[in-house]
Each structure stands twice: as C-alpha cells, then as structure tokens.
Amino acid sequence: MGDNTQLRSDEEQPPPAQIPLLSSNLQNDAVGALHQRQQEIRTSNRLDDSLEYLERFLTCLGFNQSSLLSFSLSWAAFTVVGVLVPVLALELSDCDGCEMYQIKNFEVGIVASQACLAAVSLFCISFNLRKYGIRRFLFVDRYGGQMVRFTDLYVKQIAASMRLLIWWLLPCFILKTVREVIRILYVQHDSRWISVAISVPLTLSWTYVSTISLSASILFHLLCNLQFIHFDDYAKLLERESDVMVFIEEHIRLRYHLSKISHRFRIFLLLQFLVVTVSQVVTLFQTTVYSGMINLSNGGDFAISAIVQVVGIILCLHAATRISHRAQGIASFACRWHALATCTSTDACLRHSNSLGSMEPLSQSNLLDITFSESDLDSMDYITMPTTTQLASYMSSYHRRQAFMMYLQANPGGITIFGWTVDRGLINTIFFLELTLFYDLGGWQVSSKFEFPNYTVGWKVGKTTIYILQFPT
C-alpha cells in the first residue's frame, strides 16, 4: 500500500526538467514584450517631440490662436509687423530724385499683395488648428495601435518639411537683403543710418509675412506627404492580404481623409490662387503704365515677391497632384492584382483538382510566386475538371474582386476643390487660363534691348523698358 502511494505521488509530480523550461519561455516572452513596449514609448516620444517643435514654430508665427489672448496677440502682431511697419518705413523713405532706386507706388503694391496673402494663410491655417489641434490636423493619431510603424516616417516628413521651408526662404531672404543694401548705398537721406533704420524694418516685415505664407503652403505639402505614406502602405496591403472587405474598408478610410483635407483647404487654395493672380496682374499694369526706367534696384521687389508667391502655389499644386495621382494609381495596381489572381486561380484549380479535395485559398504572395514549366503542358491531359464546390468558391472570389474593381473605378479619390480634382488636367487648365489672361491684357510689342557700349541689357514691354543690368558710362 505504501509503495502504491509513493508511486502515485511520483506520477503526479511534473518532471523536474519541464519547470525551468516553462519559466524560461515565460521570462523570454515578458522580456520581449517589455522591450517592444519600451521601443514604442521611445518612438512615440520622438513623434511627440517633433510635433511639439512644429507647434512652437507655428505659435511663434501666430498660427496658434486657441484662446482669445493668443488670437488678439497674433492679429495685433500681424497688423503691426506686416502692415504698419512697412507702410511707415515707406513714408519715411520717400525722397526726391530716388526713382532710380525706389518707386513708392511699386513698393506699396508689393506690401499690399504680400500682406493679403499672409492674412489668407494666417486665417485659414489658424482656424483649422484651433478647431482640430495639431495631431488631428495632420491625421497622425487616427491609426491607434498601427501608428508605431508609421512614426519614423512621420518624423522624417516633418523634418523634411522644415528643411524645405528653409531652403526656399533663405535664397529669397538673401535676395531681399542684397536689394536693401543697394538701396541703402544709393538712396540719399540726411544720414546713412536713417537708410539703415528704414531698410531693417522693411526686411524684417518682409521675412515675417513671407514665412507665414510659405509655412501655410508647407503645412499643406506636409499633410499630403503624410497621406502618401498611408497610400504606399495600402499598396503593400494588396500583397499581404486577400480579403476584399479589408481593402474596401481601408480605401474608404483613406478616401474619407482626403475629402476632409480637401474640405479644410479648398478656401485657402482658392484665395491663394486669387491673390497671387491679382497681384501679378496689378504688377503687370504698374510696370506697363510706368514710363520711366525699371531696373533691379527699383523693381527688384517685384521679382522677389513673385518668387515667394509662385513657390507657395507650386508647393500646394505639386503636393495635391502627387497625392491625387497616387490615389488614382491604386485602381491600376488593384487591376493588376485582380488579373493575376484570376489567371493564377484558374490554373492552380486545374493543376491541383486531381490531388486536392477542395481548392485551397491562395494568398497574394502565392499568386505572385507561381511559376509555370513546360511539363505543365504535358500533364494537362491527366487533369480532371474541378468540382462544383471548387467552381462556386472560385466564382465567388472572382465576383468580390470584380466588385472591388468597380468600386475603385467609381471612387478614384484625390484632392478636390469644389468637385474639381487637382491633377494634371486641372494644372493644364490653370496654365492656359493664366496664359490667355496675360495675352489678352495688352497686345504689347515685346522687344529686347542690348546696348553694349553703355552695358545695358533688358527688354521692352509696351512703352516701358525693363533693364536687367545697367552700368552707366
């Protein structure tokens, strides 16, 4: 009896070797989960730091108007720095015989166009930031648990956008500074320091309003690039998954967010295009009506302001066109996936119907990796026809993919402005409208002028001669 009891107790005790093995596996899983959690925290912190830096930068420019105090300070600073300071500086810099280096009417028109464009940018962007916040505005929190694998790409895009702003703003700032130095050297006031005191506020005001207008375009460019990341991931999803409902749900989500971006920025894009077009038309009329000589000294601000305005429009149109064509290209990629799935499913069904009782579902990786040899043609005589169940499963899968294709063709997606998709067709329309506008405004006789004895190079528009380079003898 004692021997039987001892035997049962020995049988009930687990083997000694299994306990360390089980605890070792649990410990490895816990360490792996802890390491993954720490990595997620570090990645999330990097994104938080980038967003905080971006938010501080936007706050310095006056885009953060979340409270009544910040709203009042932002617009007060814009009114003083962007409008009153350059107007007062131009009034103080007015002098007799300075038209060779400064034309007051030109300067006032340039200040007005820059202030209008900056006001449009400040109003539209601050409204969206106040309503949604920086994270919802950039759509960086909508993926929840999946956001970790996009965080590094988010951080890189934010850093690239800040570099893009610097690379475009810095050359324009250098040109503006050179132009102001020329004016200081040649515009005669009672003292050279008076010229410096006038030029420095003008340069600072121009930098402020130009940074505001370019930052708004950069934000739209950043937002489109962030969505481009998700469309790239959606294209990879077609290679990983085979469930059509997953594709449709994800595409509905992406298209919904593109429509939200279009709704938030349509007023900004329209007003930006309108302000820049009116500014260029006014500039064209001013230079045409003016009968004197225009050179880089008195008309250089026209070129500098035009560069800033056109760069802002190009950044917006490039980003919108890129994401629109990427969204429309998903249909082409999905059609290729549908064709490969249809062809390979039929051939695989015929090849394996003899050996398999039912047709196994094929993943996208299997569809792309299937190869055919010459021996397959010889074995076709020995393959029986698939069963009714196999054909029904195949036809059901085919109809689901076909419905997905019809959905993509009917819902291409992209950035829209009141129903107009921003793509190459719209850009061509804008280009020809602008070309027609400038062609119909005059009937000018454009001619070049080269007077090498006087070192004068330029062209003539109507009765106005615009000199690019002039050195008096």
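Which helix is Ser126 found in? Select Ser126 and you will land in helix α4, which covers residues 104–138. Before going further, keep in mind that this is a predicted model.

**Stop 1: Ser126 in α4**

Show the surface around Ser126 and look for its side chain. Ser126 has a relative accessibility of 2%, so it counts as buried, the cut-off being under 20%. Now display what lies around Ser126. Apart from neighbours within four places in sequence, its contacts are Phe63 and Gln65.

**Stop 2: the whole protein**

Zoom out and colour by secondary structure. You should find 12 helices and 6 strands. The protein has 473 residues, and 40% of them count as buried. Switch on the surface: about 26600 Å² is accessible, with 63% of that belonging to carbon and sulfur atoms. If you draw contacts between residues at least 6 apart in sequence, 80% of them join residues at least 24 apart.

**Stop 3: from α2 to α4**

Next, select Asp48 and Arg135. Their side chains meet in a salt bridge, at 2.1 Å from N to O. This pair ties together distant parts of the chain: Asp48 sits in helix α2 (residues 18–61) and Arg135 in helix α4, 87 residues apart. Are these two partners buried or partly exposed? Asp48 is partly exposed, at a relative accessible area of 29%. Arg135 is partly exposed as well, at 25%.

**Stop 4: from α5 to α8**

Move on to Asp301 and Arg179. Here too the side chains form a salt bridge, with 3.4 Å from N to O. Asp301 belongs to helix α8 and Arg179 to helix α5, and 122 residues separate them, so this pair also links distant parts of the chain. Asp301 is buried, with a relative accessible area of 4%. Arg179 is buried too, and its relative accessible area is 4%.

**Stop 5: a pair within α7, and a network**

How many residues apart are Glu250 and Arg253 in helix α7? They are 3 residues apart, which means that about one helical turn separates them. Select both and you will see their side chains meet in a salt bridge, at 2.4 Å from N to O. Glu250 counts as buried, at 12% relative accessibility, whereas Arg253 counts as partly exposed, at 36%. Elsewhere, salt bridges with shared partners join Glu107, Lys176, Arg179, Glu180 and Asp301 into one network. Select those five together to bring back Arg179 and Asp301 from the previous stop. Across the model, the count of salt bridges comes to 10.

**Stop 6: the largest cavity**

Time to look inside. Rolling a probe the size of a water molecule over the atoms reveals where empty space remains. The count comes to 4 cavities of 30 Å³ or more. The largest cavity holds about 150 Å³ of space. To find the largest cavity, select Val111, Gln114, Lys176, Leu202 and Trp206, which lie nearest its centre among 17 lining residues. The elements giving two or more residues to this lining are α3 (68–92), α4, α5 (148–186), α6 (192–240) and α8 (296–352). Which element supplies the largest share of the lining? That is α4, with 5 residues. Lys176 is worth a second click, as Lys176 lies among the residues nearest the cavity's centre and also belongs to the salt-bridge network.

**Stop 7: two views of α7**

Finish on helix α7, which runs over residues 244–289. Start with Gln272, found in this helix. At 4% relative accessibility, Gln272 counts as buried. Show its surroundings: leaving out neighbours within four places in sequence, Gln272 is in contact with Leu117, Val120, Ser217, Gly312, Ile313 and Cys316.

Then select Val278, also in α7. Val278 counts as partly exposed, with 44% relative accessibility. Add Ile267, Leu270, Leu271, Leu274, Val282 and Phe418 to your selection and colour the surface: with Val278, these residues make a nonpolar surface patch of about 580 Å².

Technical notes: Residues are numbered from 1 along each chain as its sequence is written. This is a predicted model: local features need pLDDT of at least 70, side-chain atom pairs count only at pLDDT 80 or more; totals for chains, interfaces and linings use all residues. Side-chain values use heavy atoms; hydrogens and water are left out. Helices (H or I, at least four residues) and strands (E, at least two) are DSSP runs, numbered from the N terminus. Buried means under 20% relative accessible area, exposed over 50%, partly exposed in between (1.4 Å probe, protein chains only). Contact means heavy atoms within 4.5 Å. Patches are made of residues with over 30% relative accessible area and no salt bridge: like charges are joined within 9 Å, nonpolar side chains (Val, Leu, Ile, Met, Phe, Trp, Tyr) within 5 Å. Accessible areas come from the Shrake-Rupley method with a 1.4 Å probe; for residues, only the protein chains shown count as cover. A salt bridge is a side-chain nitrogen of Lys or Arg within 4 Å of a carboxyl oxygen of Asp or Glu. On a 1 Å grid over the protein atoms alone, a cavity is a set of points where a 1.4 Å probe fits but cannot get out, and a pocket is an open set with protein on both sides within 12 Å along at least five of seven lines; lining residues have an atom within 4 Å of a point. Grid points are joined across faces, edges and corners, and a volume is the space filled by probe spheres set on the points.
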